[in-house]
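Work through the exercises below with the sequence and the structure side by side. Each one sets a task and then gives a solution that proceeds step by step.

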Amino acid sequence: MSTVIELIEAGARALQQAGVAFGHGTTNAFDEAAWLTLWRLGLPLDDLDRVAQREVAAADAQAVQTLIAQRIATRRPAAYLTGEAWLQGVPFTIDERAIVPRSFIAELIANGVIDPWLGAHTRAVLDLCTGNASLAVLAALAWPEVHVDAADISPDALEVAALNVARHRLQARITLLQSDGLRQVHGRYDLILCNPPYVNTQSMAALPPEYRAEPALALAGGGDGMNFIRPLLAEAPAHLNPGGVLVLEIGHERAHFEAAFASVRSQALWLPTSAGEDQTLLLTREMLDRC
Ligand SMILES: C[S@@+](CC[C@H](N)C(=O)[O-])C[C@H]1O[C@@H](n2cnc3c(N)ncnc32)[C@H](O)[C@@H]1O
């Protein structure tokens, strides 16, 4: 009979040998195998030490091996196989209708990095490009006084977003909106969070299959990755209250961002995350007004 840890180690070897890509909640084969194994066995995902030496019945071990084999054969991200993703310790429902949540803005919210720009005046928050509403939910949980509008162009993504708003019982504090950029957004906000599609065309062509399993609409940002961000920076001031700020994620596109927006280049405040110091930035309304 195998133990839990033996199944995880065997799963990790299989994932490694198959060359699957990570980045949808884990960064390595062991963590990915642990996630799939513990989930399949119905064990808590955050307490491996307690269950590592537990023996697993043959039928359950077989079920784990089948799931790992499915991950390898389909190259679908683990979260699409389990229907669940965790961000900052908070569970979210997910499926192929929306991108797997992994925004670094979640860290900024959890670590209080945005808090110096917030205060008693902060009541209205917009999560633009909300996907499965993970950032909207995290914002509502972090700042109990705020109301969050959560907008996305994709009706499919908004269906998943509605599941998460209901899952966290935040229907009274999060309003879902279908909107192309800011076009159908009519409010003014103290804080706009935005993790837009920003992957440039060349990078899109090189993405591993795991990323191609996600809606292309959620990733593709055009030639230089800035197609969504160009109108956003132009239109954001009209949607920000005085003192309001825009927090934007741009992934690995800092060079393209700085080339496209020379006038904000020297003003943007780059916010540190575990991915480094140049993937998320903050712009105040006053900075945007000067552009
Ligand atoms: C990178 S995903 C971010 C999703 C979510 N905020 C997260 O962090 O997991 C980008 C999202 O932008 C949405 N989107 C793409 N083009 C859009 C547009 N023109 N207007 C509004 N949303 C758009 C996609 O449907 C997708 O859900």
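**Exercise 1.** Decide whether cysteine 129 is buried or exposed, and say where cysteine 129 is placed in the chain.

*Solution.* In this predicted model, start by counting the C-beta atoms around the residue: cysteine 129 has 26 C-beta neighbours inside 10 Å. A residue is buried if 20 or more other C-beta atoms lie within 10 Å of its own, so cysteine 129 counts as buried. Next, find its place along the chain, which is in the loop between β5 and α7. Finally, look at the backbone: cysteine 129 has a positive phi of about 70°, although it is not a glycine. As background, most residues other than glycine have a negative phi.

**Exercise 2.** Carry out the steps of the first exercise for arginine 169, asking where arginine 169 is found and whether arginine 169 is buried or exposed.

*Solution.* Arginine 169 is found in the loop between α8 and β7. Its phi is near 50°, which is a positive value in a residue other than glycine. The count of other C-beta atoms within 10 Å is 8, and because a residue with 12 or fewer is exposed, arginine 169 is exposed.

**Exercise 3.** Describe the open sheet of seven strands by giving the strand order, the edges and the pairing.

*Solution.* Begin with the order, which is β7-β6-β5-β8-β9-β11-β10, with mixed pairing. The edge strands are β7 (174-178) and β10 (269-273), each of which pairs on one side only. From one strand to the next, the twist averages 20°.

Now take a parallel pair: β5 (residues 124-128) and β8 (residues 189-194) pair in the parallel sense over four bridges, and within this pair valine 125 has leucine 191 of β8 as its bridge partner. Then take an antiparallel pair: four bridges join β10 to β11 (residues 276-284), and these strands run antiparallel. Here tryptophan 270 has leucine 281 in β11 as its bridge partner, and β10 and β11 form a hairpin with two residues between them.

**Exercise 4.** Determine how helix α8 is set against the sheet strands, and how many residues of helix α7 are buried.

*Solution.* Helix α8 (residues 155-167) lies across β6 (147-152) and β7, and α8 runs at about 170° to β7. Turning to helix α7 (residues 134-142), seven of its nine residues are buried, and the helix is mostly covered. The buried residues of α7 are Ser134, Leu135, Ala136, Val137, Leu138, Ala139 and Ala140.

**Exercise 5.** Identify the residues with the most contacts inside the largest nonpolar core, and say which domains contribute to this core.

*Solution.* The largest nonpolar core has 77 residues, and those with the most contacts inside it are Ala136, Ala139, Ile192, Leu193, Leu246 and Val247. This core draws at least three residues from each of domain 1 (2-82) and domain 2 (95-289). To see one of these residues in its surroundings, leave aside the neighbours within four places in sequence: leucine 246 is then in contact with Ile192, Cys194, Ala236, Leu240, Leu283 and Leu288.

**Exercise 6.** Work out how domain 1 and domain 2 are placed relative to each other, and how many residues of each are in contact.

*Solution.* The centres of domain 1 and domain 2, taken over C-alpha atoms, are separated by 31 Å. Eight residues of domain 1 are in contact with eight residues of domain 2. The side of domain 1 that touches domain 2 has, by class, four nonpolar, two polar and two charged residues.

**Exercise 7.** Set out the surroundings of alanine 85 and of leucine 7, beginning with the element in which each is found.

*Solution.* Alanine 85 is found in strand β3 (residues 84-87), and alanine 85 counts as buried because it has 24 C-beta neighbours inside 10 Å. Apart from neighbours within four places in sequence, alanine 85 is in contact with Gly25, Ala79, Phe92, Ile94, Val100 and Pro101. For one of these, valine 100, the C-alpha atom is separated from that of alanine 85 by 7.1 Å, and the two residues are 15 residues apart along the chain.

Leucine 7 lies in helix α1 (residues 4-18) and counts as buried, with 23 C-beta neighbours inside 10 Å. Not counting residues up to four places away in sequence, leucine 7 touches Ser2, Thr37, Val56, Ala61 and Val64.

Conventions. Residues numbered from 1 in each chain as written. Predicted model: local features only at pLDDT ≥ 70, side-chain atom pairs only at ≥ 80, totals over all residues. Core = buried A, V, L, I, M, F, W, Y, C linked by C-beta atoms within 7 Å. Domains from an automatic or database assignment. Contact = placed C-beta atoms within 7 Å. Nonpolar A, V, L, I, M, F, W, Y, C, P; charged D, E, K, R; others polar. Pairing = 2+ DSSP bridges. Axes fitted to C-alpha atoms, helices over the stretch in contact; angles between N-to-C directions.
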